[in-house]
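Welcome! Please have a look at the structure below, and then we can walk through some of its features together.

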Amino acid sequence: MSDPDRFDKRIEDIVSEIEDHDSMLGLSRWEAFRSASPLDLSVVRPNRTIETPVGVSGGRKDLRFEDWLRFWYSGARTLEFDTGDATQSLETSGEEFAAAIALARRLHRVFLPDLEVPTPPVQVQFRLVPRPTVLGGGTGGRPSMREQMVELRDQGQNWRKLGLDCLVVRSLATGSVEQTETLVRIILKEMDVEVVLELDPTLLGRDGVADVLSDLPDAAVVRPDAFEGAIGLTEAVGAIRRLGGYASRDAHRFSIRIGGTIETNRGPLRGRPLYLLGLRLLEHVRGSIGSEIPVGFAADPEPEDVPRLAEAHVAPVLVRADQLGADGAPRIARALRAMEQE
């Protein structure tokens with residue numbers, strides 16, 4: 001990454017606003033979300049506690065560190081940098097994310113000094129996605145399993161300096177569950193962070209996906225090649241159980257989450273159709289593995305969906321930054337207040 005000095009003026013303006021007006025980015029100190037006993041919304045995981053079940057994921061070039069700070073300030077305690085979103089702007093958008101994480105940690109005691117439970121100010125995650133544009137000598141073909149693994153391991157090592165808590169990886173596009181399982185084991189062993197295996201809608205199979213989408217008006221059509229290299233649900237469940245056993249045996253941290261997307265005639269599936277596929281997949285996965293392995297959710301939920309998912313012990317629930325819109329941060333706070341009221 002390049003020299004972060006270019007953030008100095010922006011950070012100075014924020015600090016001056018806090019000192020002169022007792023606010024941050026136009027939001028008063030008392031608008032900052034804080035859990036208050038007995039309304040504890042925290043998520044307990046091995047070796048750590050997350051203050052809320054809400055998170056935000058993104059990586060676009062136009063996502064500035066002020067945006068990330070607003071998400072954190074409004075109660076999103078898991079912030080995830082998505083390297084898939086940042087394929088063409090990894091350095092620039094990564095710097096914005098890194099600056100936000102550093103400043104959130106500094107401001108935690110300023111805005112949230114009265115938390116009774118000592119929780120980290122923010123959980124840092126990275127969703128690692130192989131970038132074919134830099135692999136395979138620029139041939140444009142699908143990278144090999146070895147190239148994908150090398151790329152993901154290198155990305156993970158690059159982000160260690162930020163004190164990350166979790167690495168999110170998806171199944172390798174090889175059609176081999178054993179290779180994905182090998183990747184997860186290597187990262188668990190080498191990096192000593194929680195590894196989150198992302199499960200996408202292809203696990204439902206062609207018929208399962210069609211069954212959900214066919215009930216929707218003006219449904220997108222899944223591309224014929226969308227299931228190329230995909231693994232089956234039975235294979236995935238077997239791998240999840242083996243990885244869970246491996247992690248618990250050697251004191252590693254492993255979890256899964258529902259997310260990803262599926263290719264359609266209109267591009268990658270987004271929004272409510274993806275959310276409904278995610279719910280169906282969550283039902284199948286939970287029915288197969290029970291509650292023995294923590295499950296998160298990132299299949300395009302809205303902030304208003306968080307209470308329902310959290311009630312089912314699904315956390316963290318990550319909303320895409322570009323879904324939130326201009327009023328995104330307050331929507332996060334409202335969702336958390338709704339949970340407290342329930």
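What follows is a short tour of the whole protein, one of its strands and some of its aromatic side chains.

**The protein as a whole**

Please keep in mind that this is a predicted model. The protein contains eleven helices and 14 strands. It has 342 residues, and 54% of them count as buried. Among the contacts with a separation of 6 or more, 74% are between residues 24 or more positions apart. The exposed surface comes to about 15300 Å², and 49% of that is supplied by carbon and sulfur atoms.

**Strand E9 and its neighbours**

Let us turn to strand E9, which covers residues 194-199. Six of its six residues are buried, so E9 is largely enclosed by the rest of the structure. Its side chains point two ways: Glu194, Val196 and Glu198 go one way, while Val195, Leu197 and Leu199 go the other way. Both groups are buried, and that includes the glutamates Glu194 and Glu198.

Which strands are joined to E9 by bridges? Strand E8 (residues 166-170) is joined to E9 by five bridges, and the two run parallel. Strand E10 (residues 254-258) is also joined to E9 by five bridges, again in parallel. Val196 shows both connections: it is the bridge partner of Val168, and its own bridge partner in E10 is Ser255.

**Aromatic side chains**

Across the whole structure, a search finds seven aromatic pairs. Here are two of them, both edge-to-face.

| Pair | Centre to centre | Angle between planes |
|---|---|---|
| Phe7 and Phe65 | 5.6 Å | 80° |
| Trp68 and Phe71 | 6.1 Å | 90° |

The pair of Phe7 and Phe65 links distant parts of the chain, as these residues are 58 residues apart. Phe7 sits in the segment before helix H1 (8-21), and Phe65 belongs to helix H2 (residues 65-73). Are these two rings buried or exposed? With a cut-off of under 20% for buried, Phe7 counts as buried at 2% relative accessibility, and Phe65 counts as buried at 0%.

Trp68 and Phe71 both lie in helix H2. They are three residues apart, so about one helical turn separates them. Trp68 and Phe71 are both buried. These two residues also belong to one aromatic cluster, together with Phe81, Phe97 and Phe126.

Finally, an aromatic ring can also have a charge over it: Arg185 lies over the face of Tyr246, at 4.6 Å from the ring centre.

Methods: Residues numbered from 1 in each chain as written. Predicted model: local features only at pLDDT ≥ 70, side-chain atom pairs only at ≥ 80, totals over all residues. Heavy atoms only, no water. Buried < 20%, exposed > 50% of the residue type's maximum accessible area, 1.4 Å probe, protein only. Helix = DSSP H or I, 4+ residues; strand = E, 2+ residues; numbered from the N terminus. Pairing = 2+ DSSP bridges. Contact = heavy atoms within 4.5 Å. Areas by Shrake-Rupley, 256 points an atom, 1.4 Å probe, with all protein chains shown as cover. Phe/Tyr/Trp six-rings, centres within 6.5 Å; stacked < 30°, edge-to-face > 60°. Lys NZ or Arg CZ within 6 Å of the ring centre and 35° of its normal.
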